[in-house]
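Hello,

Here is the structure we talked about. Please open it first, then read the notes below it.

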Amino acid sequence: MRDWISIPKSNGYESLHATVMGPDSKWVEVQFRTKRMDLVAEKGLAAHWRYKGVKSDSTDQWMNNIRDILEAGKDDPMQLMKDIRMDIYTKEVYAFTPKGDLFKLPAGATVLDFAFYIHTNVGAHCTGGIVNGRHRKISHVIQSGDTVEILTSATQSPKSDWMNIVVSSKSRNKIRQKLHEQLQARAELGKEELMRRAKNRKIDIDESIMMKLIKKEGYKYVNEFFADIADGKVDAGKFINTYQVATAPEDQAERTTAEDFELIRDEQESAGDVLTIGEKSIKGLSYKFAKCCNPIYGDKVFGFISSDGLVKIHKIDCPNASNIRSRYPYRLIRVEWSGKGGSELPVQLQIVGQDDIGIIANITSIISKETKASLRNIKVDSNDGLFQGYLTLGVSDNAVLSSIIKKIKTVKGVKDVTRI
């Protein structure tokens, strides 16, 4: 005996099946149906509306299933058709909660499917289940008649590989929604970090130019780019450097060799005479240190002659170096340090560590004891017991900087120190 009246199928089918032994030991199946049930069985669920005066909860349930499938497959027409075939025409299993609540799921449904059928938040925090008294993984396949208790954890969150574990379109749709919410939250953090870094460097970001650069980086969706910044996969500082190069004024003059530029000494920027450009002394030449990499005495550097005749000094490993060399090789000039370093030059450090009491005081104490360095600016962000600090120092040369970095790394709680 099979009862499809008490628990109708998702496609609206209702009937009572009885299989009996007939003459000559032949099995005979007898199906008991009302006229309405027979009309639905023969003509489909749409026949509900043709049968006057009859209301059925199964109709609403079927429409809800169709709605879930349409929402889940809105981005992929082929997946939509697959889900319709799977959810509407496949077999079903029936499982119970410990309180006796009955849930109808597609055949092959897992513990994770069952969790999402109970509630979206239950599914999002599901870590496993107790099936018929035994602990099971989220990928365990449920059988008809199973009693399933869902185990959850506040630290659990949906993963992309969960899409391979669930079989129902309803579960897939809920997982997609949760993954999108997580991506959106991380993207907001990443964008906030990028804009903060740009503001600190007094750079106004043009949204249209930024979007073009993000696409050049190979990202189809902007949120994925910002999320990668939040996850540390993309360096916000390097991207801002790329933005600066892309928005720099193009040289409108004809291609000119470096030797053809007439350079003039800039007294304010060139005080110290610690550089040699080409085969000549720095005297009589105008130069500035590039803000994108902040070179200091002792760094390996090169000169780039801008369109206004000013020599900008970059580090050899500057994030913009490869782009400059490829686009303007005719405007490069050899630069070497001469004499000894004396004046302090700005440099930025990024420090990551545990947000312990007194850790900032210990770091600043180390810098204050250095006679050839000074702390010019400090900004600290704290989140979930971790801090991320940005320090602007004035140092005389890279030997002093290396010593400071080495000492900061010895401070208890500091995990990493990086020069930006």
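**A buried glutamate**

Glu 14 is buried, with a relative accessible area of 8%. The residue sits in the loop between β1 (2–3) and β2 (16–21). Its side chain has a polar partner: a contact of 3.0 Å joins Glu 14 to the side chain of Arg 36. Keep in mind that this is a predicted model.

**The chain overall**

The chain has 420 residues, and 41% of them are buried. It holds twelve helices and 18 strands. Take the contacts with a separation of 6 or more: 59% of them are between residues 24 or more positions apart. The accessible surface of the chain is about 24,400 Å². Carbon and sulfur atoms hold 51% of that surface.

**Two nonpolar cores**

In soluble globular proteins, nonpolar side chains tend to be buried together. Here, the largest nonpolar core has 31 residues. Ile 363 and Leu 393 have the most contacts inside this core. Several elements give two or more residues to it, including the strands β12 (301–305), β13 (311–315), β14 (332–337) and β15 (345–354). Helix α11 (359–368) and strand β17 (386–395) are also among them, as are α12 (398–409) and β18 (414–419). The top contributor is α12, with five residues.

What does Ile 363 touch, leaving out residues up to four places away in sequence? Its contacts are Ile 351, Phe 387, Leu 391, Ile 408 and Val 414.

Another core lies apart from this one. It has 22 residues, among them Tyr 117, Cys 126, Val 148 and Ile 150.

**A three-stranded sheet**

Which strands form the open sheet, and in what order? The order is β7-β6-β8, and the pairing is antiparallel. At the edges are β7 (134–136) and β8 (148–152), each paired on one side only. On average, neighbouring strands in this sheet are turned by 30° against each other, direction ignored.

Strand β6 covers residues 126–131 and pairs with β7 over three bridges. One bridge to look at is Gly 129, whose partner in β7 is Arg 136. Helix α4 (residues 111–118) packs on the sheet and touches β6 and β8. The direction of α4 makes about 105° with that of β6.

Best wishes

Note on methods:
Residues are numbered from 1 along each chain as its sequence is written. This is a predicted model: local features need pLDDT of at least 70, side-chain atom pairs count only at pLDDT 80 or more; totals for chains, interfaces and linings use all residues. Side-chain values use heavy atoms; hydrogens and water are left out. A nonpolar core is a set of buried Ala, Val, Leu, Ile, Met, Phe, Trp, Tyr and Cys residues joined through side-chain atoms within 4.5 Å. Buried means under 20% relative accessible area, exposed over 50%, partly exposed in between (1.4 Å probe, protein chains only). Helices (H or I, at least four residues) and strands (E, at least two) are DSSP runs, numbered from the N terminus. Contact means heavy atoms within 4.5 Å. Accessible areas come from the Shrake-Rupley method with a 1.4 Å probe; for residues, only the protein chains shown count as cover. A polar contact is a pair of N or O atoms within 3.5 Å; within protein, one must be able to donate a hydrogen and the other to accept it, and residues adjacent in sequence count only if both atoms are side-chain atoms. Two strands pair if DSSP finds at least two bridges between them. Axes are lines fitted to C-alpha atoms, for helices over the stretch in contact, and angles run from 0 to 180 degrees between N-to-C directions.
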